[in-house]
Amino acid sequence: MATPVKVHGPPLSTAVSRVLACLIEKDVPFQLIPVNMAKGEHKSPDFLKIQPFGQVPAFQDEATSLFESRAICRYICEKYPEKGNKGLYGTNPLAKASIDQWVEAEGQSFNPPSSVLVFQLAFAPRMKLKQDPSLISQNEAKLEKVLDVYDKRLGESRFLAGDDFSLADLSHLPNAHYLVNAAERGELFTSKKNVERWWGEISSRDSWKKVVDMQKQAT
Amino acid sequence: MVVKVYGPAFASPKRVLACLMEKEIEFEVVPVDLLKGEHKDPEFLKLQPLGTVPVTQDGDYVLYESRAIMRYYSEKYKSQGTGLLGETIEERGQVENWLEVEAHNFNPPVMNLTLHVMFSSKLGFPRDENLIKESEEKLGKVLDIYEERLSKTKYLAGDFFSLADLSHLPFTQYLVGPIGKEYMISSRKHVSAWWNDISSRPSWQKVLLLYPPPF
């Protein structure tokens, strides 16, 4: 039996949870290795060897060592095409390109404003850090515009890249989950009909529920 | 059928132009003047609802996001031109890893520098000196990590040129040119050697010659 892949990082981290969701969708056995960020373990010399930017997650599959959550997700899908959800990264080049397009849209347009909001609204208060109201309102406005585009898209297509759930939708789960459940920003999603429908579908997937459980157990 | 690439004067579309040239794929360009706000025209938004360039049109097939476009064409034309994705799944993993590093660690600070140093006066927003200073510091830290990486491998994903390196071309060209921070590259021995190597590739030189920047 092959060695389980290793994921280094806390399940509460949005990027780590992105990888966990993918591994569970793909039914790929893994070992989660904790990294205590409050104690600065992500900046230790040993950790910097596997992730030189000092960010989580880091990933190992036997001799292969990778970082960047979206790269890890793509690798998992390419390495294990026959396992779990076979269509997660598309089963033909056009489907895959559409998925890549929307993973990029997530990374370039959804992630920046939603990350700021998750930090400001969900993490800063828990870390007893001061919030920045103008940063919050600027990024809420940005995110609204992005979700307007999503709402139109999701009126034409069941999921972002097409008719099937894919890496593109999965990639949105971590930040959206915190916005809805820990930042009191559910209205961003529920105020738009198609986005609300889409959010309901993707967040109730078994794989995501398992990740949320892992996050709850970690607190 | 020739691929159309929208917005050739600007930096992100140049990733696609360089990629198509490396892969020996025929293309034509369609100008989009971002300075005149043409990317927010209803006609353009029909093509690209997020209102950014590049977009490619291949017959009826429309694709956007430069890194998605590059991945698609590099895979579709795997057997022609330069290999840009590595040879194995493991090498591809490294390409993806460093392409994401470019997208999330390198691009944000260099984009801030581009907007504020190059475009603020043209687009009519105040130049934020604090942001410029912070962005330069952040970028410096990223380049320090690149320096360490490139002391071990010739290119970012390994000893082979790939999309991960190519993706850096347009904005690094701005950095060493109109942004005026060439010292950030030249002061780092391995980054400097890597930059000299990748920027002197014939495909990149041709892109610069044929598609000059907007100003």
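This is a short dialogue on reading the contacts in a predicted model.

Visitor: Let's begin where the two chains meet. How many residues does each chain put into the contact?

Guide: Start by counting who takes part, then look at the area. Here the contact takes 29 residues from chain B and 29 residues from chain A. Between them, the two chains bury about 2600 Å², with 60% of that on carbon and sulfur atoms. Three residues supply 19% of the area that chain B buries against chain A, more than any other three: B:L50, B:I89 and B:E100.

Visitor: And the charged side chains, how many salt bridges cross from chain B to chain A?

Guide: The rule finds 7 salt bridges across that interface. Take B:E90 and A:K79, whose side chains meet at 3.6 Å, N to O. A pair counts when nitrogen and carboxyl oxygen are within 4 Å, so B:E90 and A:K79 qualify at 3.6 Å.

Visitor: Can you show me another pair? Which residue does B:R67 bridge to?

Guide: B:R67 forms a salt bridge with A:E104, and their closest N and O atoms are 3.6 Å apart. To place such a pair, ask which element each partner sits in. B:R67 lies in helix α3 of chain B and A:E104 in helix α4 (residues 93–126) of chain A, so this pair joins two chains. For the wider tally, the structure holds 37 salt bridges over all chains.

Visitor: What about polar contacts, how many residue pairs are there between chain B and chain A?

Guide: There are 8 residue pairs in polar contact between chain B and chain A, counting those with both residues at pLDDT 80 or more. Now map the chain B side onto its elements: those giving two or more residues are β4 (61–64), α3 (66–76), α4 (89–123) and α5 (129–150) of chain B. The most comes from α4(B), with 14 residues. By class, this side has 15 nonpolar, 6 polar and 8 charged residues.

Visitor: Can I read the inside of one chain that way too? Where do the domains of chain B begin and end?

Guide: You can treat two domains as two partners. Chain B is divided into domain 1 (3–83) and domain 2 (89–204), and their C-alpha centres lie 20 Å apart. In this pairing, 18 residues of domain 1 are in contact with 21 residues of domain 2. The area buried between these domains is about 1600 Å², and carbon and sulfur atoms give 61% of it.

Visitor: How many salt bridges are there between domain 1 and domain 2 of chain B?

Guide: The count is 6 salt bridges. One pair to click on is B:E100 and B:R71, whose side chains meet at 3.4 Å, N to O. You'll remember B:E100 from the three residues that supply 19% of the area chain B buries against chain A. Across the domain interface there are also 9 residue pairs in polar contact, both at pLDDT 80 or more. On the domain 1 side, α1 (11–22) and α3 of chain B give two or more residues each, and α1(B) gives the most, with 8 residues. The classes on that side are 8 nonpolar, 4 polar and 6 charged residues.

Visitor: One last thing, strands. How do β3 and β4 of chain A run, parallel or antiparallel?

Guide: Look for bridges, then for the turn. In chain A, 4 bridges join β3 (residues 58–61) to β4 (residues 64–67), and these strands run antiparallel. A:F59 stands opposite A:L66 in β4(A). The two strands form a hairpin with 2 residues between them, and A:E62 in the turn has a positive phi of about 50°.

Definitions and conventions
Residues are numbered from 1 along each chain as its sequence is written. Chains are lettered from A and ligands numbered from 1 in the order in which they are written. This is a predicted model: local features need pLDDT of at least 70, side-chain atom pairs count only at pLDDT 80 or more; totals for chains, interfaces and linings use all residues. Side-chain values use heavy atoms; hydrogens and water are left out. Contact means heavy atoms within 4.5 Å. Buried area is the accessible area (1.4 Å probe) that two parts lose on being put together, summed over both. A polar contact is a pair of N or O atoms within 3.5 Å; within protein, one must be able to donate a hydrogen and the other to accept it, and residues adjacent in sequence count only if both atoms are side-chain atoms. Ala, Val, Leu, Ile, Met, Phe, Trp, Tyr, Cys and Pro count as nonpolar, Asp, Glu, Lys and Arg as charged, and the others, Gly among them, as polar. Domain bounds come from an automatic or database domain assignment. Two strands pair if DSSP finds at least two bridges between them.
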